[in-house]
Structure formats: structure tokens, C-alpha cells
Amino acid sequence: MFDFFHKKTPEKLFYATDMHAHLIPGVDDGAPDTGTSTYCLAGLNELGVTRQLLTPHVTQHTFENTRDTLAAPFAELKAAIAEAGIPVDVMHSAEYRLDDFFKKNVLGPDDFMLLPNNHVLIENSFVVQILEFEEIVFELKSRGYQPILAHPERYFYYREKREKYKQLQQYEVELQVNILSFAGHYGKHEREIAWWMLENGLVDYIGTDMHRRSHMDELRHFATTRDFRRLIKLQKVKNDTAFI
Ligand SMILES: [Fe+2]
């Protein structure tokens, strides 16, 4: 059946600053090469992104990234962006998994790769939340950092107890939902929580968390849907005001 509500031309995104993506080539489970990075950044720019904050994973054993390990691949990315003529400003911080590596090597020497304005992007384990979560948040805040928790809609142990989301807000942890969660990319439960959070004023930021070409293709398609237009109307994100 012909869908009268389905537009073929994507709408523009409702923010110009995307603050979560894995597009530094070859440093985590994101873009493996500069071709993938520039494909995604050019696609994002077509949807209205002019500033991309890159957030490579920092996780124990798998991606123990530091400023040093990221310097050369980031320079390579910048050169590829310039060569391709993509009008997007890029900078990088990191997405920190709260694990032993974080406690020892980041929190210990206070060596954060920050988002602008002292924001720090953190993520939980998908298996179980670290026991010291509250202490770490308190410690970060006492040092003057504003923690942003990445994709809270994806942690099943929060989904089972929705009051957790309001508790996080009370701790003054800002919450960032992945845009493709609203499209059902990660599953129906993630989708349901993403919309519930939005309707309950629990979404501070929306990010692409882009890792690969298929994420860009899905986003481009999502931007043609009725759900996307509903998202544009309901969202009140701080993407363009918090990182100046
Ligand atoms: Fe991420």
C-alpha cells in the first residue's frame, strides 16, 4: 500500500552539533578506514550537522585509547575531511566505559579527554552496572565535570526499573539517547524507552553514536518518516547550546 505519510526526501536534523560518534578510523569498533569516516560525515552534513564531536571508546582490554594513541588517526581523519571538502568541524574527546581502566588510568591521574565545557561522556557496561557508579558520578561532579551518560535506553537493568532514569536525573547526570533508538534499531524495548524518556522530559541530548555506513543509511531513511517528524516536534535537546 502506498504510504501517504512517507516522504522520500529526508528532513534536516534538529541540531547542528552531533556529540557522539565513532568515526576516527581504526581506533575502536567504529569506522575502520577514512573512506567510511568521510562517507558518514558527508551524509551527516547533508542532514545539517556542521560540528561533529568524536567519541572513541575507552574500555579496558579492548580499546585502551589515550590522547597519544588517538593523535595520528585523528590527524589522518582531518586530512581526509579536508581533501574531501566536507564542511564539518571535528574535534574529539572519548566515550569512557566505567571500568577498572577508567578508575585507574583516567580518574586516577585525572586525564580526561573532555567534551567542551567540562562535559565527560560515560557509558555503563551492557551486562551489569559498576557497583561504584554513584561514587564515580559524585567524584566527577566534585572535580567540576558534568557527566553525560550515553544511551541509557540500552541498559536492560535500567529498563526493568524505570524510576532509575529519574534517579539519574536527580544525581544530575545528563542523559543522551541514540537517535536510532527512536527508530527501533536496537530493538523494541530500547525504542519504547527512548520515546518514554522523551515524553517524560528525560532526554538532554540526542546523538548518532555512528559507527558504520549502515548507521548513516538508516538515519537517512529514518529522517524521511513520520516518527522523525514527531521527534523534531517533541525534542528539546541541548546539543547546540551546551558545548560552546
Ligand atoms: Fe558510543
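A residue counts as buried if 20 or more other C-beta atoms lie within 10 Å of its own, as exposed if there are 12 or fewer, and as partly exposed in between. Keep that rule handy, and remember that you're looking at a predicted model.

**Four loop residues**

Let's try the rule on Asp29, which sits in the loop between β1 (17–18) and α1. Asp29 has 13 C-beta neighbours inside 10 Å, so it counts as partly exposed. The table puts Asp29 beside three other loop residues.

| Residue | Loop | Other C-beta atoms within 10 Å | Class |
|---|---|---|---|
| Asp29 | between β1 (17–18) and α1 | 13 | partly exposed |
| Asp110 | between α3 (100–107) and β6 (119–123) | 9 | exposed |
| His151 | between β7 (146–150) and α5 (156–159) | 23 | buried |
| Thr225 | between α8 and α9 (226–234) | 18 | partly exposed |

Who does Asp29 meet? Leaving aside residues up to four places away in sequence, Asp29 touches His22, His57 and His211. Now look at Asp29 and Arg212: they are 183 residues apart along the chain, yet 9.0 Å separates their C-alpha atoms. Thr225 has a story like that too. Its C-alpha atom is 8.0 Å from the one in Pro10, with the two residues 215 apart along the chain.

Asp110 and His151 are worth a look for their backbone angles. Most residues other than glycine have a negative phi. Asp110, though, has a positive phi near 60° and isn't a glycine. His151 isn't a glycine either, and its phi is positive as well, at about 30°.

**Helix α1 and its partners**

Next up is helix α1 (residues 34–46), which packs against helix α2 (residues 67–84). Their axes are 10 Å apart and the packing angle is about 55°. Are the two helices parallel, perpendicular or oblique to each other? With an angle of about 55°, α1 and α2 are therefore oblique. The crossing in which α1 passes α2 is right-handed. On the α1 side, the contact is made by Thr34, Ser37, Thr38, Leu41 and Ala42, while α2 brings Glu76, Leu77, Ala80, Ile81 and Ala84. Sort the residues of this contact by class and you get six nonpolar, three polar and one charged.

Now find helix α8 (residues 213–222), whose axis comes within 9 Å of the α1 axis and crosses it at roughly 15°. Angles under 35 degrees count as roughly parallel, so α1 is roughly parallel to α8. Here α1 passes its partner α8 in a left-handed crossing. Thr36, Tyr39, Cys40 and Gly43 in α1 meet Arg213, Met216 and Arg220 in α8. By class, that contact has three nonpolar, two polar and two charged residues.

**Into the core**

Cys40 is a good residue to follow from here. Not counting residues up to four places away in sequence, Cys40 touches Leu23, Ala31, Met210, Arg213 and Met216. Cys40 also belongs to the largest nonpolar core, which has 52 residues. Which members of this core touch the most other members? They are Leu23, Cys40, Tyr96, Leu121, Ile122 and Met197. Helix α7 (residues 188–199) supplies the largest share of this core, with four residues.

Conventions. Residues numbered from 1 in each chain as written. Predicted model: local features only at pLDDT ≥ 70, side-chain atom pairs only at ≥ 80, totals over all residues. Axes fitted to C-alpha atoms, helices over the stretch in contact; angles between N-to-C directions. Parallel < 35°, antiparallel > 145°, perpendicular 65-115°, else oblique. Left-handed = near helix turned anticlockwise from the far one by under 90°. Contact = placed C-beta atoms within 7 Å. Nonpolar A, V, L, I, M, F, W, Y, C, P; charged D, E, K, R; others polar. Core = buried A, V, L, I, M, F, W, Y, C linked by C-beta atoms within 7 Å.
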